[in-house]
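Visitor: Please pick one part of this model and take me through it closely. I would like the cut-off behind each term as it comes up.

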Amino acid sequence: MHFVIYCLDKPGHANVRQENRPAHVEYLKGSVDRIVAAGPLLNDEAGMIGSTLIMKFDDRDEAEAWAAGDPYAKAGLFASVSITPWKKVFPAD
């Protein structure tokens, strides 16, 4: 099952994102087989303000556990995190 993990950064926490980015990228590399798409959310000036990931998990509990283990989450970067089931329609596999 696919899940969208949508995370918004706390205002003024760009330094937390920057300091934890290497660990976050390594965490993603360890889950590359689960990732459909992943990348930062940007403001109009191209500054990073959050993250969106579309990933494959067996169930919501697994998605929540993965999101909680993200170094960004552990560092307290996010003001909010939503996890929503998603159905891929296009392009067809």
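Guide: Contact here means heavy atoms within 4.5 Å, and helices (H or I, at least four residues) and strands (E, at least two) are DSSP runs numbered from the N terminus. The model is predicted, so to speak of local features requires pLDDT of at least 70 and side-chain atom pairs count only at pLDDT 80 or more, while totals for chains, interfaces and linings use all residues. Residues are numbered from 1 along each chain as its sequence is written, and side-chain values use heavy atoms, without hydrogens and water.

The part chosen is helix 1, which covers residues 14–29. Helix 1 has 16 residues and spans 22 Å from first to last C-alpha, close to the expected 22 Å (1.5 Å times one less than the number of residues). At R21 helix 1 bends by about 55 degrees, with a proline, P22, following within four residues; the bend is the angle between axes fitted to the seven residues ending there and the seven starting there.

V16, R17, N20, H24 and L28 are the buried residues of helix 1 (buried is under 20% relative accessible area, exposed over 50%, partly exposed in between, with a 1.4 Å probe and protein chains only). These residues pack against strand 1 (2–9), strand 2 (35–42), strand 3 (48–56) and strand 4 (78–86), and also against helix 2 (60–69) and helix 3 (71–74).

R17 leads to strand 1, where D9 is found. The side chains of D9 and R17 are joined by a polar contact of 2.8 Å (a pair of N or O atoms within 3.5 Å, one able to donate a hydrogen and the other to accept it within protein; residues adjacent in sequence count only if both atoms are side-chain atoms). D9 is itself buried, at a relative accessible area of 12%. Leaving out residues up to four places away in sequence, D9 touches R17, M48, I49, G50, L77, F78 and A79. G50 is 41 residues from D9 along the chain, yet their C-alpha atoms are separated by 4.9 Å.

The four strands form an open antiparallel sheet in the order 2-3-1-4, pairing being at least two DSSP bridges between two strands. Strand 2 and strand 4 are the edges, each paired on one side only. From one strand to the next the twist averages 15 degrees. Helix 1 lies across strand 1, strand 2, strand 3 and strand 4, at about 10 degrees to strand 3; axes are lines fitted to C-alpha atoms, for helices over the stretch in contact, and angles run from 0 to 180 degrees between N-to-C directions. Helix 2 lies across strand 1, strand 3 and strand 4, at about 150 degrees to strand 4.

Strand 2 and strand 3 run antiparallel and are joined by seven bridges. Within that pairing, A37 stands opposite I54, and A38 has L53 as its bridge partner. The hairpin they form has five residues between the strands, and A46 in the turn has a positive phi of about 70 degrees.
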